[in-house]
Amino acid sequence: MRLLKESVLQIWKARKATVRDELANAERAAKAIQEKLDRLDEAFLFERSIDIETYDRHAEKLREELTLVRIDRHQANSKNSTWKASWRSQNAFCRASPPTSGCSRPSNSGSGSNNCSFRTESRSMETALFEPP
């Protein structure tokens with residue numbers, strides 16, 4: 001169970017880092033596109049350095065790019081939520097599983113703690129075993 005836990009945690013950390021990178025890249029791209037849109041607006045509205053056709057063509061293209069980046073960001077957030085849900089499911093399974101699975105049912109003492117065989121002595125550490133960092 002300990003090796004399994006360590007493997008799962010390594011996978012979780014790698015996936016979390018990947019999602020964090022995807023989100024950061026999407027945020028950077030969205031910010032860059034928004035800055036281009038702002039400069040385009042400024043060139044058209046205030047400086048009058050471009051005509052309406054040029055403005056419309058570039059603005060439409062940039063808005064499409066911004067929409068695609070926002071979709072990518074949303075998908076990365078959805079992936080992150082799916083992984084968190086998997087952790088919650090594992091936690092619920094361990095809390096409710098029979099002793100043959102390596103876990104025992106929660107005690108009736110009302111403490112709310114579970115009795116998994118890989119549980120540490122500290123309650124705060126127990127949470128760390130089940131909740132992703």
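**Three helices and one ring pair**

Modeller: This is a predicted model, and among the elements of the chain, helix 1 (residues 2–45) has the highest mean pLDDT at 93, while helix 3 (residues 123–130) has the lowest at 42.

Biologist: What is the pattern along the sequence?

Modeller: Reading along the chain gives α-α-α, with three helices and zero strands in total.

Biologist: OK, and how many aromatic pairs does the count come to?

Modeller: Just one aromatic pair. Its members are Phe44 and Tyr55.

Biologist: What makes the pair of Phe44 and Tyr55 stacked?

Modeller: The ring centres are 4.6 Å apart, and a pair needs them within 6.5 Å. The planes sit at 20 degrees, and under 30 degrees counts as stacked, so stacked it is.

Biologist: Which helices does the pair link?

Modeller: Phe44 belongs to helix 1 and Tyr55 to helix 2 (residues 52–96), and the two residues are 11 apart.

Biologist: Why is Phe44 called buried?

Modeller: Buried means under 20% relative accessible area, and Phe44 comes in at 16%, so the label fits.

Biologist: And why is Tyr55 called buried?

Modeller: By that cut-off of under 20%, Tyr55 is buried because its relative accessible area is 12%. Over the chain, buried residues make up 24% of the 133 residues.

Biologist: Where does pLDDT stay under 50?

Modeller: Over residues 101–131, where the model has 55 contacts beyond four places in sequence. Where pLDDT is low, the predicted coordinates shouldn't be read in detail. The chain averages a pLDDT of 75, with 59% of the residues scoring at least 70.

Methods: Residues are numbered from 1 along each chain as its sequence is written. This is a predicted model: local features need pLDDT of at least 70, side-chain atom pairs count only at pLDDT 80 or more; totals for chains, interfaces and linings use all residues. Side-chain values use heavy atoms; hydrogens and water are left out. pLDDT is the predictor's confidence in each residue, from 0 to 100. Helices (H or I, at least four residues) and strands (E, at least two) are DSSP runs, numbered from the N terminus. Contact means heavy atoms within 4.5 Å. Rings of Phe, Tyr and Trp (its six-membered ring) pair if their centres lie within 6.5 Å; planes under 30 degrees apart count as stacked, over 60 as edge-to-face and the rest as tilted. Buried means under 20% relative accessible area, exposed over 50%, partly exposed in between (1.4 Å probe, protein chains only).
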